[in-house]
Every structure is written in C-alpha cells, then in structure tokens.
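Biologist: I would like to learn how to read a structure of this kind, feature by feature, with someone who works with such coordinates every day. Could we have it in front of us before we begin?

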Amino acid sequence: MKRLVLITATAALGIGGTAVAVSANTGAAATATKVAASSIAWSKCPTDVTGGSYLAKAECGQVTVPANYAKPNGRKISVAVSRVKATDTAHYQGVLLGNPGGPGGSGLYLSGGLHAWLDPAVAAKYDIIGFDPRGVESSKPALSCQPAYSDPVRPDYVPRTAKQEKAWLAKSKSYAAACQKKYGWLLPNLRTIDSVRDIDSIRKALGAKQISYYGFSYGTYLGSAYASTYPRNVKRVVLDGNVDTREVWYKGQLSQNVAFERNIKLYFAWIAKYDAVYHLGKSAKAVEKTYYTVLAQSKKKAIGGKVGPAELTDIFLNAGYNTGYYIPLAQALSSWVVGKSADDLVSWVSEGGGDNGFAVYNAVQAVDAPWPAKWATWHKDAVRQYKDGIKFNTWGNVWFNAPIHYWGAKAGKPLNITGKGKKLPPILLVQGTLDAATPYPGGVQMRSLFPSARLLAEIGDKTHANTLNGNPCIDDPVNAYLNGGSLWARKPGRTADASCKALPELSDPNPTQAKAKAAATSPSAKDLALFGGRS
C-alpha cells in the first residue's frame, strides 16, 4: 500500500477509454444518510501501534464478537476499531471502512490514513473507520506464537542439502505447534468469512444500514467476500490490488514468485541506469551479479552481524512491492559494496517486534482453503521454479508459508465470491499492470465476478496497491466515485474499462534530484508494516 513515496505529482493525466459518468448508484444508498448512533464506547486511541501517528484525530474502541459465529452465545473476542467522524454532515455519505491487506495487516490507523489521503472534501462526508481484524495487534486476543521467530540471523532460504531443508521444516513445525498450543481454540475461526461477519458486526455496532469499503491487497478479497455475502449492506466499494480468487492461496504464491522475479530484474535495470550514482553495474545483468555476490557473501558471514541471506532477500523484496524503496535500497547496497559500510543495510533489519502479522497471515491462509497435503508438492514446485530462473523469492515464499503445512486447524473450502444475480452498486477496481504482490490478472478476474464492477488499469505501475499515492489519473476517479458513486461505462469482454499511465516520477524515481535525495531514508519497521504483509 501507500504512502512511502514522498514525491508529489502535480500534472494530471487523462484516463484512457470512455470516461462517461454513468451508472451512478441511485436511490437511498446514494443520498445523504442520517448519522446513526453508535453503541461503541469510544476513547482515546493508542499511538504505539502500526501507523499510530494517523490516529491523532481518531477515537478508538472495541466491538465484541463471537469467536465462533456458529456458537453466538459461546466464547467472545473483540475487534479493535477507530473512527474519524464526518465534519460535512450536511452532505453525509455514511460509513467508509478500510482494510490494508495481509492477511494480518493492522488497519486501525486507516481511519486517519484514509482521512489524510482522500480529497478533504470527500473525506469530510464520511465517518471513516479503521479496524484490526480478529487476532491482529489491538484486537483481543492478539496472536503471537514465537515472538523471536524472524529475528536475525535466520537460515539461508535456499536449501542446498536435504539437511538444510529439514532444518527449515523443523523450524516451521515448531512455529505451528506454538500457535496451536496458545490459540488452538481460535485457529479454526480465523477464516476470511469470520472477518466478513466481523465487518457486519462493526456495521451494526455503528448503527449503519450500509457501509462503503476501501480495501488494499488481501483487503480486496475480504471486501469482495463481504459484498458477495451482504450485498444489500454495501454502498460503494473500492478494491485496489485485487487478489486472483482462482489462486487462493497456494497457487497465488507461485504466481507471486514469477512476478517478483520480473520486478527485481526491473529494479536491477533501474540501478544500472544510475550507475554513476551507485556504482553497482552498468547493465541489469551486472547489477544482478553484484546482488547475488553480496548474497553469497552474507551466507558466509552475516553483513554487520545482522544481515544474512534470508534478511538480505527480505530487504530487497521491498523493491518489488514499491518503487519508493528504489533509492534507499540502492544506496544501502552501494554503501556496502562501494563504501564497505554495513550500517544502511543493518538499519533495515527489525527484531524483537513480535510476530503478530506473521501469525495471523499463516492462520488465515491455512484455514481459508486447502494447501498441498504432501510436502513433496511444495518441494517439487519450488525446485522447478528455481531451476527455471525464478530464484529471487521462490524459496523465501516457501518458508514464509511453510508453517501452514503443519497447521493445527483444518482448511475450509474456498469462498464462492460473486456478484452475479445480486443487487450491488457500481464497484471500482484498480490494478497495476506490473504489480508483483497481486499480479494484474487478479483485477480482470475480480471484474468478471461482479457485473457492476469497472476496472481501472494503471499501465506500467510497479507499486503494489497504488491508489492515493500521487497519480491524479488514478486518485481523481477514486475521489469522484466516493463522492458521487459514478463510474465509466463497462466494456464487453475480459478487459479494463479505463486506463492510466503510471507517473514517471513514481515508476522511475531520479536519485539525482534534490527532492528524491531528501526522501531517500530507510523507513522504520512501522512504515514497512503499512504494507499489510505478504499479499
């Protein structure tokens, strides 16, 4: 998601395709709605949480929900919520609820985040709601299985021997066992459908007849599931960086590996373009060789005592997510290769921060849909992709998900997400053509599931879930839709209904510009967490 890129765009671009303001949501759902009474006990928000600075103007509370909706009178848990209230009550548009992705990403800050990122005139018309899904951070309980699990220095992701692979398997099994021991009573009820029901519980607690929804990354899967389950409770929906519902979740990891391989090569080419700045190689292949040389060095001795091969892979994975990381990561690598200083690379390593996001990520994906029962399938697919040259993130993705293989709760059937035959308002989908975390076909697939959806493609965009990030060609239609519910006419076939070009200053940042240099600082662990995890 957003909000690392500090370069601001000023020039507006036209939208390709037929930009006709049709299909406005008509009737009661499109008119100003009376502000409803909330049953939530609101109080001051915490600041020592993900994106805490965005909560300065917000109020927070807890919504009590059943741990198991099939047993509504049984054990209870609570979901943390935040709110920035509408100020333009004369043109009130109701509740706008956001989710940043993950699964496992904290979204409590999104009340203030969306309030800051949207056009002020639009934001003022909504009660903007953030929330931490069940099990996440400020919700109760907040999962944490082995807090030091990802602390440095971890084993090399790429196993060279059967013994090394067994070591990672043992580590993964131990993690799954710890989760089962602590939260076995809750693990079966961490499916996406449970969070869907939590959202409707939040809606009821807010006293709202309908909600609007803004989802990034995994949040698109959650939002589409909500619209599919509760179509009458939906007013407007923005889904940015859409999950391919055909690939939930194992196949999705394989597609990610291919997309991240492409994006890291694009990044190496970008570094080569500025060899006069970084001195890491004058061609993409030369930079790639430099990177893998450093990776090999880190296997022999962790850089700065903290950055082993697993840590280095994770650090540079960020460049595959967001071009806002291009400059600081290139500087960090150059500082080590050219200046022999490990400080910049080490500053990217976090430890001692717990494992809440990782725990919930595995918990949700493990029970949402079946994964291959035999480890031989996981191994075979990883070996095949690695031999095919898809080596940057293949094994890293395997071990990020490997605890699922040993999970203590059974997987359910994939959700049947569809808007067909249901009365839904126009839905706005946005997808970058070079998004690696949620590859472009996911947007086309999501559009096919909802006859009322319109897909806006951002051509050449390499940043994951890139709305509200400075491209007026993308952001203006989002604001206009949330303001009035209007979208373009839908085109026939499996295609985008409109398109924009990615802004050059965002997709190809120039490190020689003063503003870019000023922005080139390593983000904190909290900033990284705003990306909402792996999806």
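Biologist: How many of the residues of β5 are buried?

Modeller: Bear in mind first that this is a predicted model. In β5, seven of its seven residues are buried, and the strand is mostly covered. Reading it by faces, Tyr126, Ile128, Gly130 and Asp132 are buried on one side, while Asp127, Ile129 and Phe131 are buried on the other.

Biologist: Which strands pair with β5, and in which sense, parallel or antiparallel?

Modeller: Strand β3 (residues 76-84) runs antiparallel to β5 and is joined to it by five bridges, with Val84 having Ile128 as its bridge partner in β5. Strand β4 (residues 94-99), by contrast, pairs with β5 in the parallel sense over four bridges, and there the partner of Gly94 is Tyr126.

Biologist: Moving on along the chain, where is Glu137, and with which side chain does its own side chain make a polar contact?

Modeller: Glu137 is in the loop between β5 (126-132) and α3 (162-183), and its side chain makes a polar contact of 2.9 Å with the side chain of Ser106. The C-alpha atoms of Glu137 and Val79 are separated by 9.7 Å, although these residues are 58 residues apart along the chain.

Biologist: Why does Glu137 count as partly exposed, and why does Asn479 count as buried?

Modeller: The reasoning rests on a cut-off, because buried means under 20% relative accessible area, and partly exposed lies between that and 50%. Glu137 has 25% relative accessibility and therefore counts as partly exposed, whereas Asn479, at 11%, counts as buried. Asn479 lies in helix α16 (residues 472-484), and, leaving aside neighbours within four places in sequence, Asn479 is in contact with Leu118, Asp119, Val122 and Leu468.

Biologist: How should I read the length of a helix, taking α8 as the case, and what do its buried residues pack against?

Modeller: An α-helix has 3.6 residues a turn, so residues three or four places apart point the same way. For the length of α8 (residues 284-300), one takes 1.5 Å a residue, so that its 17 residues should span 24 Å, and the end C-alpha atoms are 25 Å apart, which agrees. The buried residues of α8, including Val287, Tyr291, Val294 and Leu295, pack against α6, α9 (309-321) and α10 (326-337).

Biologist: How many residues of α14 are buried, and what do they pack against?

Modeller: Helix α14 (residues 394-401) is mostly covered, with eight of its eight residues buried, among them Trp395, Trp399 and Phe400. These buried residues pack against α3, α6 (250-273), α12 (356-368) and α13 (375-387).

Biologist: Which residues have the most contacts inside the largest nonpolar core?

Modeller: They are Leu143, Ile202, Trp399, Trp407 and Phe450, in a core of 87 residues, to which α12 gives the most, with eight residues. Another core, of 38 residues, lies apart from it and includes Tyr278, Val287, Phe316 and Tyr326.

Biologist: Where does the pLDDT stay under 50?

Modeller: Where pLDDT is low, the predicted coordinates should not be read in detail. The mean over the protein is 91, and 89% of its residues reach 70 or more, but pLDDT stays under 50 over residues 1-33, for which the model has 95 contacts beyond four places in sequence. Over residues 518-534 the pLDDT is also below 50, and that stretch has 49 contacts in the model beyond near neighbours in sequence.

Conventions. Residues are numbered from 1 along each chain as its sequence is written. This is a predicted model: local features need pLDDT of at least 70, side-chain atom pairs count only at pLDDT 80 or more; totals for chains, interfaces and linings use all residues. Side-chain values use heavy atoms; hydrogens and water are left out. Helices (H or I, at least four residues) and strands (E, at least two) are DSSP runs, numbered from the N terminus. Buried means under 20% relative accessible area, exposed over 50%, partly exposed in between (1.4 Å probe, protein chains only). A polar contact is a pair of N or O atoms within 3.5 Å; within protein, one must be able to donate a hydrogen and the other to accept it, and residues adjacent in sequence count only if both atoms are side-chain atoms. Contact means heavy atoms within 4.5 Å. A nonpolar core is a set of buried Ala, Val, Leu, Ile, Met, Phe, Trp, Tyr and Cys residues joined through side-chain atoms within 4.5 Å. Two strands pair if DSSP finds at least two bridges between them. The expected span of a helix is 1.5 Å times one less than its number of residues. pLDDT is the predictor's confidence in each residue, from 0 to 100.
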